[in-house]
Amino acid sequence: MKKASALALLALLGSMGTHAQDTKKFRLGLEVCPNMGWISTDAKGYDSDGSRTGFRFGLLGDVQLGSNANYFFSTGLFLNNVGAKTKFSLGDSANTTVKGENKFQYVELPLSVKLKTNEIGYMTYFGQIGFDVGVLTAAKAKSEGGDFEDASDFVSPIRVALAVGGGLEYNFSGNTSALVGIKYSNGFTNVNKDKVEDVEQPKAKLHYFEITIGALF
């Protein structure tokens, strides 16, 4: 009887251990990420005037790829508020330069491959590479000294970027981990519409750098 009870206890502990491992094949998390955004452009008379702070937040999902516990497909759903500062030369005799600020809001879907180390102490380190796909929900702009006004008619509805990042996870208990990292989102689509009312707009790409703070469960 004692042997049977011991075997049953071992089987139960084994099944619990297997279940704990299985739950790590899919993990959900929350992220809040302060960012700094800027533009790059080759358009004549149109240039970056520095970066603007913003933030991104939302739901993160990591799905284990196959049986390898170090490879994950990482995605999620985020609201990204990112901006940039610009300056535009009017090209007149006074050589006037107009400075401005832009605010963009995207619903963003990240698609990346995340490579994780085995747990070292309580730490797991990771690197990831993939794409950010954003759908514009709002855009505002202002010139120096003015107020922000709606600019969504001038902004491309889609932003696609190459995203590269890395960081670490600190395991508190079971599947609960704190997440800290950095990410660079290198836009490669034009943030402006090509033409508005048959007037050609300057081409520019929107980039941002962020600090990733979150938790996985």
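The charged end of Arg56 sits over the ring of Phe78, at 4.2 Å from the ring's centre. A charge counts as sitting over a ring when NZ of Lys or CZ of Arg is within 6 Å of the ring centre and within 35 degrees of the ring normal. Lys116 does much the like with Phe72, lying over its face at 4.2 Å from the ring centre.

A word on the model and its numbering. This is a predicted model, in which local features need pLDDT of at least 70 and side-chain atom pairs count only at pLDDT 80 or more, while totals for chains, interfaces and linings use all residues. Residues are numbered from 1 along each chain as its sequence is written, and side-chain values use heavy atoms, with hydrogens and water left out.

Arg56 turns up again at the cavity. The structure has 1 cavity of 30 Å³ or more, with a volume of about 230 Å³. On a 1 Å grid over the protein atoms alone, a cavity is a set of points where a 1.4 Å probe fits but cannot get out; a pocket is an open set with protein on both sides within 12 Å along at least five of seven lines, and lining residues have an atom within 4 Å of a point. Grid points are joined across faces, edges and corners, and a volume is the space filled by probe spheres set on the points. The cavity is lined by 25 residues, and those closest to its centre are Glu31, Arg56, Ser112, Gln128 and Lys183. At least two lining residues each come from β2 (46-64), β3, β4, β5, β7 and β8 (176-190), with β5 giving the largest share, 6 residues. Strands here are DSSP runs of E, at least two residues long, numbered from the N terminus. Sorted by class, the cavity lining holds 11 nonpolar, 9 polar and 5 charged residues. Ala, Val, Leu, Ile, Met, Phe, Trp, Tyr, Cys and Pro count as nonpolar, Asp, Glu, Lys and Arg as charged, and the others, Gly among them, as polar.

Then there are the pockets. The largest has a volume of about 570 Å³. Its lining takes in 23 residues, with Tyr46, Thr86, Asn102, Ala141 and Gln201 closest to the centre. Two or more lining residues come from each of β3 (71-89), β4 (97-116), β5 (123-143) and β6 (149-150), and β4 gives the most, with 6. This lining splits into 11 nonpolar, 6 polar and 6 charged residues.

The second largest pocket, at about 370 Å³, brings back the pair of Lys116 and Phe72: these two, along with Lys24, Arg27 and Ala69, lie nearest its centre among 17 lining residues. Its lining has 2 nonpolar, 9 polar and 6 charged residues.

Finally, the rings. The structure holds 7 aromatic pairs. Rings of Phe, Tyr and Trp (its six-membered ring) pair if their centres lie within 6.5 Å, and planes under 30 degrees apart count as stacked, over 60 as edge-to-face and the rest as tilted. Tyr122 and Tyr170 make a tilted pair, 5.9 Å centre to centre with 50 degrees between the planes. Tyr122 lies in the loop between β4 and β5 and Tyr170 in strand β7 (residues 158-173), so this pair ties together parts 48 residues apart in sequence. Tyr170 also pairs edge-to-face with Phe172, at 5.2 Å centre to centre and 80 degrees between the planes. Ring pairs thus link Tyr122, Tyr170 and Phe172 into a cluster. Tyr122 is exposed, at 51% relative accessible area, as is Phe172, at 55%, whereas Tyr170 is partly exposed, at 30%. Buried means under 20%, exposed over 50% and partly exposed in between (1.4 Å probe, protein chains only).

How values were computed
Helix = DSSP H or I, 4+ residues; strand = E, 2+ residues; numbered from the N terminus.
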